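Student: I have a structure in front of me that I have not studied before, and I would like to understand the words used to describe it. Could we go through them with care?

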Amino acid sequence: MITYFLSFAASIIQVLYIPILSVYALEIGIKTHEIGFISGIAALTYALTAPFSHLSAGKIGEKWTIAYSLALLSISCALLIFAREIISLTLVVIFTLFAYAVFWPALESLISREGGSVSSFATSWSSGALVASLLTGPLMAVPKAPLFAALSLFSGVLSLISLRLKGGKKAVDLPRVEDLIKGLKDIPEAWAWAFSYAIFQGALYTFYPVVIELRKLPEWYASLAFFLMVGARTLIFSIKEKLPRILHSLYSGLALLSSGILLSIVHNPFLIAILSTLFGAGIGILYAESLSRAFSSKFEKRSAYTGLFESSVGFGYMVGPIVAGLISTLCLEAAIPAAAITSILIACIPWSRLCKSSKNS
């Protein structure tokens, strides 16, 4: 139960972090394309760190890896109070994403070793995202220094709670680099789907608050969109095993996700609600199918596969904000649609067929 609680609570911080950071960056005079690059560079750190985060768990055990990563998260949230220009802000955000890159694979590996399910894990962190989504709109308007202090304190408390996890300092088996390479080749479509959904979601969390702030839209639109997106995603996770076979299809997920193309140009709350529910369900299908394949890997390779999964998500969170940021210099309303189209194109590439062709040649 502690693992699922940590998943729930850490997700609250992570989902709040990106949109609040975007608004804070605007407040201190950072431009929209620079916001995209800050998010993208930090996500690159996540993507490069996640596959090798198991090295920490291999030496000190998953329990202590989780505890230390949450302590790092607490420090990074506190440092945000002092970041007032682009370089310092970028460095702090990189530090934050490094902490998450160590935290999530260790937690996922621990849950899988304890016999946890994809559905329960995904529901726990997605429920945390649901709570954060409700808080996003109101918190966009509050002073940021006390908010960052509160997030730092909350992260510190979670680090202390994680000390109650079982396992002590017992080391886990280290996956080999060969396992990472084999994982990339065996199920490339799983990593592509994780990459795809994260492209869109990274751009959405980074730039929808920016659209709201610069176009003077009601701040509660952010809570509305994020809450219904995460709500639909959570519902998909919770009933994954009961879904009709057609909703396990990549193309069903992409068709639903494509509704996000219209979000930036729609200002009616009822239409925002409909679109958010649709692309939230699409994200849920892509995420659940990808993580299911990672969790179904052989036991001894599980931590390598969860690292690959998180790395794929990290690369998506890198590409999405950068693409959206570049397009925002031409037209702010086109930023999120550009990321959505990129997401769909990436997912539609027949990765398994390409890998088989390369093996045969």
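Student: Is the crossing of helix 9 and helix 10 left-handed or right-handed?

Tutor: In this model, which is predicted, the crossing of helix 9 and helix 10 is right-handed, and that word is used because the near helix is turned clockwise from the far one.

Student: What makes helix 9 roughly antiparallel to helix 10?

Tutor: The axes of helix 9 and helix 10, the latter spanning residues 220-238, come within 9 Å and cross at roughly 160 degrees. Angles over 145 degrees count as roughly antiparallel, and therefore helix 9 is described as roughly antiparallel to helix 10.

Student: Which residues make that contact?

Tutor: Helix 9 brings Gln201, Leu204, Tyr205, Tyr208, Pro209 and Ile212, while helix 10 brings Tyr221, Ala222, Ala225, Phe226, Met229, Val230 and Arg233. By class, the contact of helix 9 with helix 10 has 11 nonpolar residues, one polar and one charged; Arg counts as charged, so Arg233 of helix 10 belongs to the charged class.

Student: Why are helix 4 and helix 7 called roughly antiparallel?

Tutor: Helix 4 (residues 62-79) and helix 7 (residues 144-161) have axes that come within 8 Å and cross at roughly 170 degrees. Set against the cut-off of 145 degrees, that angle is the reason why helix 4 and helix 7 are roughly antiparallel to each other. Helix 4 passes helix 7 in a left-handed crossing, and among the residues in contact are Ala67, Leu70 and Ala71 of helix 4 and Phe148, Leu151 and Ser152 of helix 7. This contact of helix 4 with helix 7 holds nine nonpolar and five polar residues, and no charged ones.

Student: How do you know that helix 1 is roughly antiparallel to helix 5?

Tutor: Helix 1 and helix 5 pack at an angle of about 160 degrees, with their axes 11 Å apart. An angle over 145 degrees counts as roughly antiparallel, so helix 1 is roughly antiparallel to helix 5. Here too the handedness has a name, since helix 1 passes helix 5 in a left-handed crossing. Residues of helix 1 including Gln14, Tyr17 and Leu21 meet residues of helix 5, including Tyr100, Phe103 and Trp104.

Student: How many cavities of 30 Å³ or more does the structure hold?

Tutor: The structure holds four cavities of 30 Å³ or more, and the largest has a volume of about 460 Å³. The largest cavity is lined by 31 residues, of which Gln14, Ile18, Trp104, Val313 and Tyr317 lie nearest its centre. Among the elements that give two or more residues to this lining are helix 1 (2-27), helix 5 (86-113) and helix 13 (302-328).

Student: What classes do the residues of that lining divide into?

Tutor: The lining of the largest cavity divides into 20 nonpolar, eight polar and three charged residues.

Definitions and conventions: Residues are numbered from 1 along each chain as its sequence is written. This is a predicted model: local features need pLDDT of at least 70, side-chain atom pairs count only at pLDDT 80 or more; totals for chains, interfaces and linings use all residues. Side-chain values use heavy atoms; hydrogens and water are left out. On a 1 Å grid over the protein atoms alone, a cavity is a set of points where a 1.4 Å probe fits but cannot get out, and a pocket is an open set with protein on both sides within 12 Å along at least five of seven lines; lining residues have an atom within 4 Å of a point. Grid points are joined across faces, edges and corners, and a volume is the space filled by probe spheres set on the points. Helices (H or I, at least four residues) and strands (E, at least two) are DSSP runs, numbered from the N terminus. Axes are lines fitted to C-alpha atoms, for helices over the stretch in contact, and angles run from 0 to 180 degrees between N-to-C directions. Angles under 35 degrees count as roughly parallel, over 145 as roughly antiparallel, 65 to 115 as roughly perpendicular and the rest as oblique. Contact means heavy atoms within 4.5 Å.
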